[in-house]
Structures are given as C-alpha cells and as structure tokens.
Amino acid sequence: MKKIGILTSGGDCSGMNAAIRAAVRTAIRLNIEVVGFRKGYLGLMKGDAIPLDTKAVSGILHRGGTFLQSARSPEFKTPEGQQKAIDNLKELGVEGLVVLGGDGSLTGALALHRLGLPVVGIPSSIDNDIPYTDMALGVDTALNNIIYAVDCIKDTASSHARAFVIEVMGRNSGYLASISAIATGAEFALVPEREYDLAEICQQLRARFEEGRDNAIIILAEGAGHAREISDSIKDAIGFETRITVLGHYQRGGAPTVFDRLLASRFGKRAVELLISGNSGVMVGLSCNAILATPLEDVIKGEKRPQDEVLRLAEVLGV
Ligand code: ADP
C-alpha cells in the first residue's frame, strides 16, 4: 500500500484531530502517503482531498472538533454515491481508508469494505453506545465538559435554593447522563433505558427540600423526556423554583482530555497498522486497556452497549 485516505464523518468529537495526527505520523514512518477527505463522505464523493504530511497535522493535537470537518451525506447511503467514492479513490490512487465516526459512519465504512476497498474504522461518538469498545473517542472529554458545567450550576442552585433540570446529549443512550450524575452527586438521572415516575421524583424532591437541602440537580438525557415538562411538573408539585439548562453542543467541543488524546493516538496508530497489514472491514476498540480489532459486521449487528452496570451503580448510590 502506497497511499491511504482518512476522513471524519457524522457527529464530531474531541480527539478526532489527535487520531488524524497519529494516523498520519504512523503512515509517514512506514513511507505511506496520506490524504484527508474534507467533510466526511461528502468529500469522498467529490474527490475533495488534501495531502496530509507531518506539517499539515502539527498544532492540532490539543484542538477539539476536526480540522478535516465533518458532514452528513444521505447520498452516500445509495449505491451510486458509494460507487462515486470508489471511483474517486481509484483515480487518486488511494488504496485504503481510515474512517472516524459513529455507528452511521461505520456502517458506511462497512459498505465500502463490501465493495472491495480496504477500510478500518475508529469509533468516535460521545454517546459511548458503540459495541466492542469500552470507550469511544470523545466520551471522556464530553463527560469532563458536563461535570464542569454541573458543578458550576450546583453552586448557583445552592445559593438560590433552586432545582435544576440539566439536559445532556443522548437521544438513545443515557451513558452521559448516568455517568455525569454519578460523578457530580446529582439527585436524579433520567435516561431512555430506564422508566421513571415523575410523581415519585417530585415526592422525593419535596421530602428533600423539607429536610432542609438547598438544591437539587436532575440530569436528563435528551431522549428521556422534555426538560420544560419535567421542570414545570416539579414546580407545580413542590412549589419550588426550577430552572433548565440545556448544555447542547458545548458538550462536544473543547480540548481533549489526556484520556482522549492517548486513546486517539493509540487508535490512529493501530488503524493504520491494521490497514497496511491487510486487515479490512474492522474497527479498532478499547478492551481492558488493550486495542483490539473487531469485524465491522459484528459492530453493526452488535447490541448497543448495555447500561446495566452503570444503572445499577447509579441506583445503589441513590441517583
Ligand atoms: P454517526 O456516524 O455519528 O452515527 P450518522 O448516523 O449521521 O452519524 O452517519 C454519518 C454518515 O454516515 C451519514 O451521513 C451517511 O453518509 C453515512 N451512513 C450512515 N448510515 C449509513 C448506511 N446505512 N449506509 C451507508 N452510509 C451510511
């Protein structure tokens, strides 16, 4: 293999830049040329590629987001879109591809593998719902962003004796909500994986305030309910001042944590090594602190990461 490509697709996350840098540096050591495709599969279908050498990836390790940019491309889901991508890769002499992204992007990577292109995926998604990796890239940074915000909000909640509903990302996954609730000592984590009874929550909050506690933090995964409805119910039921904070895209950005920088570096290096040693259609993943490769077929078919243990821990700790 003489030339490979790399792209970032779907939702961005911190650590993508560090992974691109590691992949490029690894490839260069092995005398392999690298090009980066801009805006994920969109750039692949347009042939929008830039050469990546050591200089091109200098000064990006500590920056959140992705300097190659990301995008969503419905056209790439079609056979015609995928064929366009294959044709461009052939024309550019690109013999293999590293794809960073979430489950949608990894499904796209599998489609390219099935069309005969050597592909390796790097799980990158703040939801941490990708099977066959203990942690996806960007999760740790997002969690650190969240707990910083929740700690700040707790200070002001306590000064004014308020209850706060803090909405975090996670349409189908309550990982960020559960872990951040455990890590900040929040009163409740409302997640899509677990049913909850709002009347019961209000009752517990009333008891809490009657005991003299001066604040309450309810962390809501975006897929588990409507912050306004929950906040209004609490207000009506206990007559307490409530506020809503939606953390939104703040969670995705910012300098990657040490954990994410290291994970990105390990993922980037291993992805290139796998690609050039003839492995294709696999995803790198973290398992018991080792970097393993799992067939993308299994990743896509696999059950979403179960939350059972985290939810049990939350329950035992009274979240
Ligand atoms: P994420 O990778 O973060 O899960 P998306 O689900 O939006 O984000 O997927 C990102 C891109 O991956 C899509 O815009 C599309 O180009 C590609 N993709 C998603 N699903 C498929 C699929 N089933 N087949 C081929 N490509 C897909």
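This passage describes a sheet and its helical neighbour, followed by a contact between two helices, in a predicted model.

The sheet is open and consists of seven strands, arranged in the order β3-β2-β1-β4-β5-β10-β11, and its pairing is mixed. The edges are formed by β3 (49–52) and β11 (290–295). Each of these two strands has a single partner strand, so one side of each is left without a neighbour in the sheet. On average, neighbouring strands of this sheet are turned by 30° against each other when direction is ignored.

Within the sheet, the pairing of strand β1 (residues 3–8) with strand β2 (residues 33–37) is parallel and extends over five bridges. In this pairing, Ile-4 has Val-34 in β2 as its bridge partner. Helix α1 (residues 16–29) lies across five strands of the sheet, namely β1, β2, β3, β4 (96–101) and β5 (119–123). Relative to β1, helix α1 runs at about 175°.

A further contact involves helix α6 (residues 175–184) and helix α11 (residues 308–316), whose axes come within 10 Å and cross at roughly 35°. The crossing of α6 past α11 is left-handed. On the side of α6, the residues that take part are Tyr-175, Ser-178, Ile-179, Ala-181 and Ile-182, and these meet Val-310, Leu-311, Leu-313 and Ala-314 in α11. Sorted by class, the contact of α6 with α11 comprises eight nonpolar residues and one polar residue, with no charged residues.

Notes:
Residues numbered from 1 in each chain as written. Predicted model: local features only at pLDDT ≥ 70, side-chain atom pairs only at ≥ 80, totals over all residues. Axes fitted to C-alpha atoms, helices over the stretch in contact; angles between N-to-C directions. Helix = DSSP H or I, 4+ residues; strand = E, 2+ residues; numbered from the N terminus. Left-handed = near helix turned anticlockwise from the far one by under 90°. Contact = placed C-beta atoms within 7 Å. Nonpolar A, V, L, I, M, F, W, Y, C, P; charged D, E, K, R; others polar. Pairing = 2+ DSSP bridges.
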